Every structure is written in C-alpha cells, then in structure tokens.
Amino acid sequence: MSADPKKVMVIGGGIAGLTAAWELSKCGVAVDLVEKSDHLGGHAIQYCCKATEECRQCGACSVEKMLKNVVEAPNINVHCGVEVGRVARNGGFEVGLQASSVAAPAVAPGCDQRYESNPLACAAARKFSKNNAALDCGRAPADLTVDAIILASGFAPFDATRKGTYNYGKLPNVVTGLELERGVRANGRVLRPSDGQAPAKVAFIQCVGSRDERLGNLWCSHVCCPYALRVSELMKHHNPEIEITVFYMDIQNTGNNFPAFYEKCKQDLQFVRNIPVDVYPMENDRLRMRYTTESDGTPVDAEFDMVVLSIGIMPGLDNQRIATLLEIGLDADGFFQSAERFNRTATANNGIFLAGTVGGPKTIAASMAHAGQAAYEAMKYLGGAE
Ligand SMILES: Cc1cc2nc3c(=O)[nH]c(=O)nc-3n(C[C@H](O)[C@H](O)[C@H](O)COP(=O)(O)OP(=O)(O)OC[C@H]3O[C@@H](n4cnc5c(N)ncnc54)[C@H](O)[C@@H]3O)c2cc1C
Ligand code: SF4
Ligand code: SF4
C-alpha cells in the first residue's frame, strides 16, 4: 500500500464489524468503528457458553476475544452512541455522524458510564483497553473523511409478539431463544422466569419467524436449530432428568461433528415433526400445547413448565434508511443485496462492502469469515492487497 495511510469506516460493532475492523487494522489501515448502541459486541455478546464436558463450538466466546483485539488496536477509533446521518462522495467519502436514534442511558456523557450500562461489553472494553482515548462513546466526533466503508449493521431478532397465539409477553414462561441465551449467561443455567425454579419439562418451538409463509419470511435463519440443540444438551448435562421436546420442521446442520452431535440429541431429547400453533396458560404458570403426530395426525395435548420460541434472524430495522443513505440495494427479503454472484461482500456502490448478517442469516463463524473477506476486498479496493 502507498505511504498515504488509508482510512475505512466500519458501521456496526457486532462480531462482523469488530472482525472487519481488526483485520484492516492489522494491515495498517486506520479504522473508524461507528456503533449506534452504547456497547460493542452486537447481539452475540449476550450469548452463553454451551460447553458440556466438551466445547460445542457455538462461537460465542469469539466475540469477547475479538472485542479485546479491537480495543487494544492503536489504529481503531471506536465511536459508540452515534450513527451515520449523511454521506457524500468526494473521491472517498465525507461522512456526517449524528447522535444515535437508540435511547442513550440516562448518565452523564463519558465512556466508563456509558459502558456501565452493558456490564459485559463494559468489563471487556475497560479491562483490555490500553488505549481508552480511542473509545469515544456518545460524543459525536467531527465529520469523518474515509476512503471506503464496510457496512456491518447486523440483523434484528424476530419480534415474537407478532406470533400472537404463542402469548409471548403475556405468559411469563414463554421465552425467546435470545432470552434463554441471556438467562444462561447470567445464571449459569435455565430458570423459569415466573419463580426462578429449574424447569422439569421444556418445549422448544423451532422456526419462529422464519420459514413462515404467512409472515412472508421464507428463509431459514440457520442459527436457531444449532442454538436450540446446544442449549438443550447443556440443560440435559445440568439435569439428566429434564424432559425436552423439540417441535421442528427440519433440523439444520450445526457445523463440525454434526452427525455425532445429532445422534446424541436424538437419544437425549424428544423430536416432534410438527409446529404447534397455540400456547395456553395453565395453573402454576405451566403451559399447554396441542400438536398432531407425524404418523397419523392424532391430536396430542402436552404440558410444559417452559416454552422456548426459537426466533430467527430478520433484516435490520434501519436497513431502508441505510440503503438510501449509502445508495445500495436491498433484496426482496430486506437484507442488503450483494452486487456480485461470487463476491457476496460487493455492493452496487464501489468502495462500500457488506460484512456479516446485513447480507442475510449467518452464524458467528460465518459472519467472521464474511467480515474477513470484506476487509480483504476493501484492501484490494484501496490498492493494498493482490
Ligand atoms: C437467539 C439467537 C441466538 C444465536 N445464537 C448463536 C450461537 O450460539 N452461535 C452462532 O454462531 N450464532 C448465533 N446466533 C447468530 C449470531 O447472533 C449472529 O451470527 C451474529 O450476531 C452476527 O453478527 P453481526 O455483527 O452481523 O450482527 P449484530 O450482532 O446484529 O451486530 C450489528 C451491530 O451493528 C449495530 N448497528 C445497527 N445499525 C447501526 C447503524 N445504523 N449504525 C451503527 N451501528 C449500527 C448494532 O447495534 C450491533 O451492535 C444467534 C442468533 C439469535 C437470534
Ligand atoms: S465455542 Fe461456545 S461452547 Fe465452546 S468454549 Fe466458546 S462459548 Fe463455550
Ligand atoms: S435453523 Fe432450524 S429453526 Fe431456524 S429457521 Fe432454519 S430450520 Fe427453522
């Protein structure tokens, strides 16, 4: 690369944005990482470790490792609590930042206090930072001039209240997969929200929000089978007596060693190939569901202590605004469209690249790989990679 130091703006501080920023910084590129919330790490910073006697390769721990890399890198400036309000082309890009539309925590401005509102990202950032001056949380910096942009603004988890018959938000023991992840991370195990007791009978309903013709969401989210099965196995590991039923359409491959892992799941869990439509309340905050058997369609009533809705990956709520701002396209589902068939990071606007779930559902590992490719393509664009 030329002696002239290049600058790239990365939009979004989830695992994809962190990975892209770090890969660029290793090549000597100066990075401005713009994150609209008050913390780094995106959705995946909330997930639990699903290891039993062995690592289940869920990828969750990669996020803190990458956070550490980014916070230690001297050439990455982190701007939290701000978002892009204006972009103009001038050879490179002139970018105007504005205060984030996401509600800021009610504290005086300052990095430490802002990070305090998310203890996970906060602890990681402060523990590892040797470069606190670079953490510019909530103070909108002067406009940025950059040579390229990587868009890594991620996804929105499906809003489970849209499936009204599951009574999510009304029945305390109907929870989403995201709440399950957060709960295990906080408590070390699964507890019923209504009474803090360990459940004895748990149901997982797969494909909530995904593969749903009525919602017009035909895509598979790829991640909800893996997280549901891994957390189920973790629950079995903690309590071999627990009864877990997984209501599903298809089970997606969970990555390395899947056949052996799935065989173990089949021994430990009950699988029912039917998606129940309603969840009804019972005494003591228990829950009842009706499903039909695969063999002859016989209706069966089953009772559970807790029902987990395996919500999936939806397009980011901000996508239309960002697409207009950056002059790049969305696909028919609302994810960002890649402009080249064999380079899924390319957009219709030269110099702007996609990383992670902005382009569609991905696991943490796949988001990191995509972000690595985005960094490489940005380097090529800047003339610094062959
Ligand atoms: C319930 C659930 C459980 C999951 N469990 C697993 C698992 O165990 N293993 C696994 O591999 N995958 C799992 N996943 C998938 C995993 O969450 C994703 O692969 C990963 O989070 C994608 O990272 P990302 O950086 O693309 O997006 P995100 O995590 O969504 O990060 C995007 C970041 O961009 C920020 N942002 C958004 N808009 C803007 C803007 N306009 N300006 C600036 N910043 C912005 C957001 O605040 C966020 O910090 C799970 C998904 C769900 C829904
Ligand atoms: S990959 Fe997942 S299961 Fe393995 S150690 Fe990391 S967080 Fe735990
Ligand atoms: S990963 Fe599994 S639960 Fe998620 S949408 Fe695909 S098939 Fe359904």
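**Close-up views of a predicted model**

**View 1. The surroundings of ligand 2.** The shell around ligand 2 is made up of six nonpolar, two polar and two charged residues. Please keep in mind that this is a predicted model. If you would like to find the shell in the sequence, look for Cys49, Lys50, Ala51, Cys55, Arg56, Gln57, Cys58, Gly59, Ala60 and Cys61.

**View 2. The shell around ligand 1.** Here 33 residues surround ligand 1, and those that come nearest are Glu35, Tyr47, Thr357, Lys362 and Ile364. By residue type, the shell around ligand 1 has 14 nonpolar, 12 polar and seven charged members. Both domain 1 (7-154 + 316-381) and domain 2 (160-313) supply at least three residues each to this shell.

**View 3. Polar atoms beside ligand 1, and the elements that surround it.** Start at Ile364, where a polar backbone atom is 2.7 Å from an oxygen atom of ligand 1. Phe155 also takes part through its backbone, with an N or O atom lying 3.3 Å from an oxygen atom of the ligand. Ser367 uses its side chain instead: one of its polar atoms lies 3.5 Å from an oxygen atom of ligand 1. How much of the accessible area that ligand 1 has on its own does the protein cover? The protein covers 95% of 1,000 Å². Two or more residues of the shell come from each of helix 1 (15-26), strand 2 (30-35), helix 5 (177-187) and helix 9 (364-381). Helix 5 gives the largest share, with three residues.

**View 4. The largest nonpolar core.** This core holds 91 residues, and the ones that touch the most other members are Val10, Leu24, Ile150, Phe204, Val279, Val307 and Leu309. Which helix gives the largest share of this core? That is helix 6 (residues 224-238), with eight residues. The core draws at least three residues from domain 1 (7-154 + 316-381) and at least three from domain 2 (160-313).

**View 5. Leu234 and Thr52.** Stay with helix 6 for a moment, since Leu234 lies in this helix. Is Leu234 buried or exposed? Its relative accessible area is 4%, so Leu234 counts as buried, the cut-off being under 20%. Thr52 is 182 residues away from Leu234 in sequence, yet their C-alpha atoms are 5.9 Å apart in space.

**View 6. Asp305 and its polar partners.** You will find Asp305 in the loop between strand 15 (299-304) and strand 16 (306-311). With a relative accessibility of 11%, Asp305 is buried. What does its side chain contact? The side chain of Arg286 is joined to that of Asp305 by a polar contact of 2.8 Å. A polar atom of the Asp305 side chain also lies 2.8 Å from the backbone nitrogen of Ala200.

**View 7. Asn90 and its polar contacts.** Asn90 belongs to strand 4 (residues 82-90). It has a relative accessible area of 39%, so it counts as partly exposed. Its side chain makes a polar contact of 2.8 Å with the side chain of Glu94. The Asn90 side chain also reaches the backbone nitrogen of Phe93, at 3.2 Å. From C-alpha to C-alpha, Asn90 and Val146 are 9.6 Å apart in space, with their positions 56 residues apart in sequence.

**View 8. Positive phi at Asn167 and Arg211.** Most residues other than glycine have a negative phi. Against that background, which value does Asn167 show? Asn167, which is not a glycine, has a positive phi of about 60 degrees. Its place is the loop between strand 8 (155-157) and strand 9 (174-176). Arg211 is not a glycine either, and its phi is positive at about 50 degrees. This residue is in the loop between strand 10 (201-208) and helix 6. Arg211 is partly exposed, with a relative accessible area of 28%.

**View 9. Ala339 in its loop.** The loop that holds Ala339 runs between helix 8 (319-326) and strand 18 (352-354). The relative accessible area of Ala339 is 47%, so this residue is partly exposed. For a second landmark, look for Gly329: it is 10 residues from Ala339 in sequence, and the two C-alpha atoms are 8.5 Å apart in space.

How values were computed:
Residues numbered from 1 in each chain as written. Chains lettered and ligands numbered in written order. Predicted model: local features only at pLDDT ≥ 70, side-chain atom pairs only at ≥ 80, totals over all residues. Heavy atoms only, no water. Near = heavy atom within 4 Å. Polar contact = N/O pair within 3.5 Å; in protein donor to acceptor, adjacent residues only side chain to side chain. Areas by Shrake-Rupley, 256 points an atom, 1.4 Å probe, with all protein chains shown as cover. Helix = DSSP H or I, 4+ residues; strand = E, 2+ residues; numbered from the N terminus. Nonpolar A, V, L, I, M, F, W, Y, C, P; charged D, E, K, R; others polar. Domains from an automatic or database assignment. Core = buried A, V, L, I, M, F, W, Y, C linked by side-chain atoms within 4.5 Å. Buried < 20%, exposed > 50% of the residue type's maximum accessible area, 1.4 Å probe, protein only.
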